[in-house]
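Trainee: Take one part of this model and look at it closely. Start with the loops, then work inward.

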Amino acid sequence: MTAPHGRAELQFADYATRLQKVLQGASWDGVESLARDLLQCWQSRHQVFLCGNGGSAGNAIHLANDFLYGISKTFGAGLRVSALPANSSVITCLANDVGYDAIFSAQLAVQARRGDVLIALSGSGNSPNILKALEQAKSMGVKTYAILGYSGGKAKAMADVPIHFPVDDMQLSEDLQLVVGHMIMQWLYQGRPNQG
(Lines give C-alpha, C1' and ligand atoms only; values in the text may rest on other atoms or scores of the structure.)
Protein backbone atom coordinates (compact mmCIF):
# COMPACT_ATOMS: atom_id res chain seq x y z
CA MET A 1 0.00 0.00 0.00
CA THR A 2 1.34 3.42 -0.94
CA ALA A 3 1.95 5.86 1.91
CA PRO A 4 -0.05 9.11 1.73
CA HIS A 5 1.71 11.96 -0.07
CA GLY A 6 1.39 14.24 2.94
CA ARG A 7 3.34 11.82 5.08
CA ALA A 8 6.26 11.83 2.64
CA GLU A 9 6.17 15.61 2.45
CA LEU A 10 6.37 15.83 6.25
CA GLN A 11 9.40 13.56 6.26
CA PHE A 12 11.08 15.63 3.55
CA ALA A 13 10.38 18.85 5.44
CA ASP A 14 11.78 17.31 8.61
CA TYR A 15 14.96 16.29 6.76
CA ALA A 16 15.39 19.82 5.40
CA THR A 17 14.80 21.30 8.86
CA ARG A 18 17.38 19.02 10.47
CA LEU A 19 19.97 19.86 7.82
CA GLN A 20 19.27 23.57 8.16
CA LYS A 21 19.60 23.37 11.95
CA VAL A 22 23.04 21.76 11.69
CA LEU A 23 24.21 24.36 9.19
CA GLN A 24 22.94 27.25 11.29
CA GLY A 25 24.72 25.97 14.40
CA ALA A 26 28.02 25.14 12.71
CA SER A 27 31.39 26.75 13.31
CA TRP A 28 33.17 27.52 10.05
CA ASP A 29 36.70 27.99 11.49
CA GLY A 30 37.91 24.57 10.37
CA VAL A 31 36.38 25.06 6.93
CA GLU A 32 38.19 28.37 6.52
CA SER A 33 41.45 26.73 7.59
CA LEU A 34 40.94 23.98 5.01
CA ALA A 35 40.08 26.53 2.31
CA ARG A 36 43.27 28.48 2.99
CA ASP A 37 45.40 25.34 3.02
CA LEU A 38 43.91 24.24 -0.31
CA LEU A 39 44.68 27.68 -1.72
CA GLN A 40 48.27 27.24 -0.51
CA CYS A 41 48.42 23.81 -2.17
CA TRP A 42 47.10 25.35 -5.37
CA GLN A 43 49.72 28.08 -5.34
CA SER A 44 52.62 25.79 -4.40
CA ARG A 45 51.48 22.84 -6.56
CA HIS A 46 51.31 20.53 -3.56
CA GLN A 47 48.84 17.66 -3.79
CA VAL A 48 45.49 17.13 -2.08
CA PHE A 49 44.23 13.63 -1.25
CA LEU A 50 40.67 12.64 -0.36
CA CYS A 51 39.49 9.36 1.13
CA GLY A 52 36.28 7.83 2.43
CA ASN A 53 34.17 4.66 2.37
CA GLY A 54 30.78 4.04 0.77
CA GLY A 55 28.92 7.30 0.19
CA SER A 56 31.93 9.18 1.51
CA ALA A 57 34.05 7.48 -1.19
CA GLY A 58 31.62 8.80 -3.78
CA ASN A 59 31.89 12.25 -2.23
CA ALA A 60 35.71 12.05 -2.31
CA ILE A 61 35.59 11.31 -6.04
CA HIS A 62 33.02 14.05 -6.64
CA LEU A 63 35.07 16.69 -4.79
CA ALA A 64 38.29 15.64 -6.53
CA ASN A 65 36.57 16.52 -9.81
CA ASP A 66 35.45 19.87 -8.41
CA PHE A 67 38.96 20.76 -7.25
CA LEU A 68 40.74 19.46 -10.34
CA TYR A 69 38.44 21.01 -12.93
CA GLY A 70 35.63 22.96 -11.33
CA ILE A 71 37.75 25.69 -9.76
CA SER A 72 39.93 26.39 -12.80
CA LYS A 73 39.17 29.15 -15.26
CA THR A 74 41.93 28.19 -17.67
CA PHE A 75 42.78 24.75 -19.05
CA GLY A 76 45.00 22.68 -16.76
CA ALA A 77 44.92 25.20 -13.91
CA GLY A 78 43.15 23.23 -11.17
CA LEU A 79 44.43 21.71 -7.97
CA ARG A 80 46.62 18.62 -8.06
CA VAL A 81 44.15 16.27 -6.38
CA SER A 82 43.65 12.53 -6.00
CA ALA A 83 40.61 10.60 -4.72
CA LEU A 84 42.12 7.52 -3.09
CA PRO A 85 38.94 5.37 -3.46
CA ALA A 86 38.76 5.95 -7.23
CA ASN A 87 41.00 3.22 -8.67
CA SER A 88 39.26 -0.13 -8.22
CA SER A 89 42.31 -2.12 -9.33
CA VAL A 90 44.47 -0.48 -6.68
CA ILE A 91 41.77 -0.78 -4.01
CA THR A 92 41.06 -4.46 -4.64
CA CYS A 93 44.75 -5.35 -4.90
CA LEU A 94 45.62 -3.63 -1.62
CA ALA A 95 42.55 -5.02 0.14
CA ASN A 96 43.44 -8.54 -1.00
CA ASP A 97 47.20 -8.41 -0.45
CA VAL A 98 47.64 -6.06 2.50
CA GLY A 99 44.19 -5.68 4.08
CA TYR A 100 41.25 -3.34 3.70
CA ASP A 101 42.47 -1.16 6.53
CA ALA A 102 45.53 -0.20 4.41
CA ILE A 103 43.82 0.71 1.13
CA PHE A 104 44.38 4.45 1.66
CA SER A 105 47.54 4.51 3.79
CA ALA A 106 49.46 2.36 1.28
CA GLN A 107 48.63 4.82 -1.50
CA LEU A 108 49.69 7.78 0.63
CA ALA A 109 52.98 6.04 1.47
CA VAL A 110 53.85 6.10 -2.25
CA GLN A 111 52.25 9.34 -3.46
CA ALA A 112 52.19 11.85 -0.61
CA ARG A 113 54.90 14.39 0.18
CA ARG A 114 55.50 16.80 3.04
CA GLY A 115 53.30 19.88 2.56
CA ASP A 116 50.44 17.97 0.93
CA VAL A 117 46.94 17.84 2.46
CA LEU A 118 44.70 14.86 3.27
CA ILE A 119 40.93 15.28 3.62
CA ALA A 120 39.31 12.25 5.26
CA LEU A 121 35.54 11.94 4.93
CA SER A 122 33.79 9.78 7.51
CA GLY A 123 30.42 9.63 9.18
CA SER A 124 31.54 7.78 12.30
CA GLY A 125 35.21 8.74 12.34
CA ASN A 126 36.08 5.19 13.38
CA SER A 127 36.79 3.32 10.13
CA PRO A 128 40.17 1.57 10.47
CA ASN A 129 41.30 2.57 6.97
CA ILE A 130 40.51 6.24 7.70
CA LEU A 131 42.45 6.13 10.96
CA LYS A 132 45.42 4.45 9.26
CA ALA A 133 45.35 7.08 6.50
CA LEU A 134 45.44 9.89 9.08
CA GLU A 135 48.30 8.18 10.90
CA GLN A 136 50.29 7.60 7.69
CA ALA A 137 49.76 11.18 6.50
CA LYS A 138 50.89 12.69 9.79
CA SER A 139 54.03 10.55 9.78
CA MET A 140 54.93 12.08 6.39
CA GLY A 141 54.30 15.72 7.22
CA VAL A 142 50.96 15.82 5.40
CA LYS A 143 48.41 18.09 7.07
CA THR A 144 45.23 16.21 7.92
CA TYR A 145 41.60 17.27 7.92
CA ALA A 146 38.59 15.09 8.73
CA ILE A 147 34.98 15.99 7.96
CA LEU A 148 32.98 14.01 10.48
CA GLY A 149 29.49 13.33 11.83
CA TYR A 150 28.16 11.55 14.93
CA SER A 151 30.61 11.96 17.85
CA GLY A 152 33.55 12.42 15.50
CA GLY A 153 35.01 9.09 16.65
CA LYS A 154 38.74 8.51 16.96
CA ALA A 155 39.41 10.58 13.85
CA LYS A 156 38.32 13.73 15.66
CA ALA A 157 41.33 13.51 17.96
CA MET A 158 43.72 12.26 15.26
CA ALA A 159 43.13 14.87 12.56
CA ASP A 160 45.14 18.08 12.70
CA VAL A 161 41.89 19.94 12.02
CA PRO A 162 38.59 18.10 12.58
CA ILE A 163 35.52 19.59 10.95
CA HIS A 164 32.84 18.02 13.09
CA PHE A 165 29.08 18.15 12.64
CA PRO A 166 27.53 16.42 15.68
CA VAL A 167 24.60 14.81 13.87
CA ASP A 168 23.55 11.18 14.37
CA ASP A 169 22.46 10.63 10.78
CA MET A 170 24.67 9.17 8.04
CA GLN A 171 22.85 10.85 5.18
CA LEU A 172 23.11 14.29 6.77
CA SER A 173 26.78 13.60 7.55
CA GLU A 174 27.43 12.78 3.90
CA ASP A 175 25.45 15.82 2.72
CA LEU A 176 27.63 18.03 4.92
CA GLN A 177 30.82 16.67 3.34
CA LEU A 178 29.63 17.97 -0.02
CA VAL A 179 28.40 21.24 1.47
CA VAL A 180 31.88 21.92 2.87
CA GLY A 181 33.54 20.91 -0.39
CA HIS A 182 31.23 23.06 -2.48
CA MET A 183 31.66 26.06 -0.19
CA ILE A 184 35.43 25.83 -0.63
CA MET A 185 35.13 25.17 -4.36
CA GLN A 186 33.15 28.38 -4.87
CA TRP A 187 35.51 30.38 -2.64
CA LEU A 188 38.54 29.17 -4.59
CA TYR A 189 36.86 29.77 -7.95
CA GLN A 190 35.73 33.29 -7.10
CA GLY A 191 39.03 34.32 -5.54
CA ARG A 192 41.38 33.09 -8.26
CA PRO A 193 40.42 34.65 -11.61
CA ASN A 194 43.45 33.39 -13.58
CA GLN A 195 45.31 30.52 -11.94
CA GLY A 196 48.01 29.38 -14.32
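Mentor: Terms first: helices (H or I, at least four residues) and strands (E, at least two) are DSSP runs, numbered from the N terminus. The model is predicted, so local features need pLDDT of at least 70 and side-chain atom pairs pLDDT 80 or more, while totals for chains, interfaces and linings use all residues. Residues are numbered from 1 along each chain as its sequence is written, and side-chain values use heavy atoms, with hydrogens and water left out.

Start at Tyr 150. It sits in the loop between strand E4 (143–148) and H7. Its phi is near 50 degrees, a positive value in a residue other than glycine. With a relative accessible area of 27%, Tyr 150 is partly exposed. The classes are these: buried means under 20% relative accessible area, exposed over 50%, and partly exposed in between, with a 1.4 Å probe and protein chains only.

Arg 45 is another case. It belongs to the loop between H2 and E1. Arg 45 is not a glycine, yet its phi is positive, at about 65 degrees. A relative accessible area of 40% makes Arg 45 partly exposed.

Now go from the Tyr 150 loop into H7 (residues 153–158), where Lys 156 is found. Lys 156 is partly exposed too, at 36% relative accessible area. Contact means heavy atoms within 4.5 Å. Setting aside residues up to four places away in sequence, Lys 156 touches Leu 148, Ser 151, Pro 162 and His 164. With His 164 there is also a side-chain to side-chain polar contact of 3.4 Å. That term means a pair of N or O atoms within 3.5 Å; within protein, one must be able to donate a hydrogen and the other to accept it, and residues adjacent in sequence count only if both atoms are side-chain atoms. Lys 156 also pairs in space with Gly 125: they are 31 residues apart in sequence, but 6.8 Å apart, C-alpha to C-alpha.

His 164 leads to the open space. On a 1 Å grid over the protein atoms alone, a pocket is an open set of points with protein on both sides within 12 Å along at least five of seven lines; a cavity is a set where a 1.4 Å probe fits but cannot get out; lining residues have an atom within 4 Å of a point. Grid points are joined across faces, edges and corners, and a volume is the space filled by probe spheres set on the points.

The largest pocket has a volume of about 160 Å³. Its lining includes Pro 162, Ile 163 and His 164, along with Val 22 and Gly 30. Strand E5 (residues 161–164) gives the largest share of this lining, three residues. By class, the pocket lining holds seven nonpolar, four polar and no charged residues. Here Ala, Val, Leu, Ile, Met, Phe, Trp, Tyr, Cys and Pro count as nonpolar, Asp, Glu, Lys and Arg as charged, and the others, Gly among them, as polar.

Next, the closed space. The whole structure has one cavity of 30 Å³ or more. The largest cavity holds about 30 Å³. Leu 34, Leu 50, Leu 63, Phe 67, Ile 119, Ile 147, Val 180, Gly 181 and Ile 184 line it. H8 gives the most to this lining, with three residues. H3 and H8 each supply at least two. The cavity lining divides into eight nonpolar, one polar and no charged residues.

H3 deserves a look of its own. Its buried residues are Ser 56, Ala 57, Asn 59, Ala 60, Leu 63, Ala 64, Asp 66 and Phe 67. An α-helix has 3.6 residues a turn, so residues three or four places apart point the same way. Among the elements covering the buried residues of H3 are helix H2 (29–44), strand E1 (47–51), strand E3 (117–122) and helix H8 (170–191).

Past the end of H3 comes Ser 72, in the loop between helix H3 (55–70) and strand E2 (80–83). This loop residue is buried, at 15% relative accessible area. The Ser 72 side chain reaches the backbone oxygen of Tyr 69 at 2.8 Å. Beyond its neighbours within four places in sequence, Ser 72 contacts Ala 77, Gly 78 and Tyr 189.

Last, the cysteines. A disulfide is a pair of cysteine sulfur atoms within 2.5 Å, and the structure holds zero of them. Why is Cys 41 too far for a bond? Because its sulfur is 15 Å from the closest cysteine sulfur, in Cys 51. Both residues are buried: Cys 41 at 3% relative accessible area, Cys 51 at 0%.
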